[in-house]
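Please open the structure in your viewer and keep the selection panel at hand. The tour proceeds by selection, with a short account at each stop.

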Amino acid sequence: MLKVDNLVVNYGYIQALRDVSLEIKENEIITLIGGNGAGKSSTLMAISNLVKKTSGTVTFDGRDISRMDPDKIVSLGIAHVPEGRNIFKKLSVEENLLIGTITNKKISKKEINDRVEEMFVIFPRLKERRKKSGGSLSGGEQQMLAIARGLMLKPRLLMMDEPSLGLAPIIVEEIFELMEDVKKSGMTILLIEQNAMLALNVADRGYVLQNGEIVLTGTGKELLDNPEVKKAYLGI
Amino acid sequence: MYLLEQLINGICQGSIYALMAIGYAVIYGVVGLVTFTYGEIIMMGSFSAFYYFILFGDNLFFALIAGFITAAVVGIVVHKVCYQRFLDAPRYISLICTIGMSMFLKNFATIVFGSEMKGMPAFFAGKFIEIGTIRVGYMQLLIIGVVIALSLVLTIYLKKTRMGMKLRAVSQDKKAAALVGINVKTTTLIGNCIGCGLGGVAGILLGVYYNSVLPTMGGMAGLKAFSSMVLGGLGSISGAAIGGVLIGVVENLGIALTSSGLRDVFAFLLLVLVLVIRPQGLFGKKGN
């Protein structure tokens, strides 16, 4: 459903991505792994068109979205849960969820409220804090809120940037379980993760990025068994 | 009694400052940048009312609407010239561009409208209500009423409407706003227009309160708006409103006790004092 071809992104003189190509099929979980500065976040930002592409194309369902405004891309059904939990700190938890659907004028108030309640079933902790401001939540709760906000869109493709960053292991586990549930509901997921072991275990396929280039690709299991991946990212 | 009357004068003048500061805070929020053109926006609003009175007669209500629209249109021009072209450039370029825009508008106004002071019609001249021995002018009540009404409308707009929520989201985090599908460019433009419109209305109130308009009136007005916003805490709308009233009251009580030439001294002395003690402003949060 999503295809990235020969993507190049430069930050000034620094080449963040050189010639990255990848493909995501309907209802897959794809993961990008790689060290710091390998270009994982840049890839997602380029898909969302939050950074300028030097060259390369991104197509979604055969439609070229390389130069489309970020908000239009969201309305096509691509939700991006950014790294560092860009939630709205001064809006309440509930408002943060509501704003996830703000650009979709077609859905009714009732439908929106149903979705909010749905999120509260998945994340009961958010329900307890529905009136609190986003900034008052703990790191784990903020991450849940960011994911929930992405899910409010009912996107076709959910892109998640380091959802486990700085979280307690038990919450990380919850989030990964959630991902498998989300996949069952028919969504496609593009996941960036520093915890390569966890990511490759849930992923159908994975890409390994190094210095802005894709150096390896394969199914999750193949990559887990790959001696180079083991040495560099799994620490075995 | 004299001081009490000065207090009322201060609240009235302060509410004009408050409206200017609220508009400024809205702009600062969505654009994420201080603007130096705001004083000239206030002046343009004031002049639009001046010409409205000449062309269509002395209807204050419609003049306020005309002022809002004129200032919002000037806001669009400022946005197109100063912000939109430099979205990816370093922020100081937009900042310097607003300084240039301010000079241009001031001189444009001087050439087109003339450099001499112009008189505004007097509304409710000599009419006042007496509470005990204190007199409160109709005009003063009207000004305070208009400011309170507009503040309420703005609050409801920001809290209850779809667009209001978008504006708040863009003010807090532009990247996150884009990621939930908000068109950041259009939202910023609309926020800028609303902020400028409020500034235009404040300019008219200033003009009718002092019965005069002047192409160079924007300089001090813009500075007072900025000071009020900083005093309340950058970007906080309620803070800006309280900062404005506070500056108005301190100014008027200050000149009541000394001489009227020291008006601006009191305003800025208050600002400096508060910033020395609370650098984040009265209602600002640390580290913002």
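The following stops visit a pocket, a helix pair and two cavities in this predicted model.

**The second largest pocket.** Select A:N49, A:P70, B:L87, B:D88 and B:K185, which are the closest to the centre of this pocket among its 28 lining residues. The pocket holds about 920 Å³ of space. Next, display α2 (70–75) of chain A with α1 (2–31), α3 (60–83), α4 (91–113), α7 (174–179) and α8 (184–210) of chain B; these elements each give two or more residues to the lining. By class, the lining comprises 11 nonpolar, 7 polar and 10 charged residues.

**A helix pair in chain B.** Select α2(B), residues 38–56, together with α3(B): their axes lie 8 Å apart and the helices pack at an angle of about 140°. The pair is therefore oblique. The crossing is right-handed. To view the contact, highlight residues including B:I41, B:M44 and B:Y52 of α2(B) and B:F62, B:A66 and B:V78 of α3(B). The contact residues divide into 12 nonpolar, 5 polar and no charged.

**The second largest cavity.** Keep B:I41 and B:V78 selected and add B:I27, B:T35, B:T37, B:Y38, B:Y83, B:N192 and B:C196 to complete the lining of this cavity. About 40 Å³ of space lies within the cavity. Its lining has 6 nonpolar, 3 polar and no charged residues.

**The largest cavity.** Which residues line the largest cavity? Select A:A79, A:H80, A:V81, A:P82, A:A146, A:R149, A:G150 and A:L153, then B:L179 and B:V180. The space enclosed is about 50 Å³. In chain A, β6 (78–81) and α6 (139–152) each supply at least two lining residues.

Technical notes:
Residues numbered from 1 in each chain as written. Chains lettered and ligands numbered in written order. Predicted model: local features only at pLDDT ≥ 70, side-chain atom pairs only at ≥ 80, totals over all residues. Heavy atoms only, no water. 1 Å grid on protein atoms, 1.4 Å probe; cavity = no way out; pocket = protein on both sides within 12 Å on 5 of 7 lines; lining within 4 Å. Points joined across faces, edges and corners; volume = space filled by probe spheres on them. Helix = DSSP H or I, 4+ residues; strand = E, 2+ residues; numbered from the N terminus. Nonpolar A, V, L, I, M, F, W, Y, C, P; charged D, E, K, R; others polar. Axes fitted to C-alpha atoms, helices over the stretch in contact; angles between N-to-C directions. Parallel < 35°, antiparallel > 145°, perpendicular 65-115°, else oblique. Left-handed = near helix turned anticlockwise from the far one by under 90°. Contact = heavy atoms within 4.5 Å.
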